[in-house]
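I opened the notebook to record what I looked up, working from the interior outwards to the N-terminal end.

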Amino acid sequence: MAFVIWLVYAAVIIGSSLPKILTAIRELGIRETIASAKESRVAAETRYARLCFAIPKADGSASFVVCTQRINKTGASEYHDVIEGLLAGPQSEALSIGAISYIAEGSTLIGLTVSEGTVFVNLSENFKDSGSTWGSGGLEIACRQITKTLQTLDSKISKTVIMIDGDVLSL
């Protein structure tokens, strides 16, 4: 019986205090403060990058479009983050204009080195399947996506060497 009385008492206290608590939360802007803190945390963990995607043409070729997307910061170099963002694929805005990625799903970045205007991009074995649904030139288009993305990041990039598990990819 004492437990039931305690429950009724707690319900009355909560019921009578709740409107005042909700009013205080609204007046103090607590929701906005929490949302702002969350947005600041997301901004610190991400960055905007310009990524190159392809728009397939009827003749089997493709045109390229550079789209700005929010990508995750990995703690590595900006080059690394940009390639990771490219491997993740186009986001809704890029897809809405018909942009796609020729890069095979499941491709992962093993390593990336920049040396005197040349970027060495080491990718997983999955990358070899890039563009296979688009015909024989699909792998070349996927490679060009990587090169063009790196060049939008740094105009001093003169050459990109793409490797598969440490072996230079030859087209």
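Leaving aside neighbours within four places in sequence, which residues is I83 in contact with? The model I am reading is a predicted one, and in it I found I83 in contact with L109, L112, V121, I146 and L150, once those sequence neighbours are set aside.

Entry on the core. I looked up the largest nonpolar core, which has 33 residues, and noted that I83, V121, L123, F127 and I146 are the ones that touch the most other members. At least two residues of this core come from each of the strands β1 (46-56), β2 (62-72), β3 (109-115), β4 (118-123) and β5 (159-164), and likewise from each of the helices α3 (78-88) and α5 (138-153). The greatest contribution is that of α5, which gives six residues.

Entry on L150. I then turned to L150, which lies in helix α5, and asked whether it is buried or exposed. L150 has a relative accessible area of 0%, so I recorded it as buried. Not counting residues up to four places away in sequence, L150 touches Y79, I83, V119, V121, I157 and T160. I also looked up its separation from F3, 147 residues away along the chain, and the C-alpha atoms of the two are 68 Å apart.

Entry on α1. For helix α1 (residues 2-28) I compared the span expected of its 27 residues at 1.5 Å a residue, 39 Å, with the 37 Å between its end C-alpha atoms, and the two agree. I noted a kink of about 40° at L18 in α1, shortly before the proline P19. After α1 comes G29, with a positive phi near 70°.

Methods. Residues numbered from 1 in each chain as written. Predicted model: local features only at pLDDT ≥ 70, side-chain atom pairs only at ≥ 80, totals over all residues. Heavy atoms only, no water. Core = buried A, V, L, I, M, F, W, Y, C linked by side-chain atoms within 4.5 Å. Buried < 20%, exposed > 50% of the residue type's maximum accessible area, 1.4 Å probe, protein only. Helix = DSSP H or I, 4+ residues; strand = E, 2+ residues; numbered from the N terminus. Contact = heavy atoms within 4.5 Å. Expected span 1.5 Å × (residues − 1). Bend = angle between axes of the 7 residues up to and from the residue.
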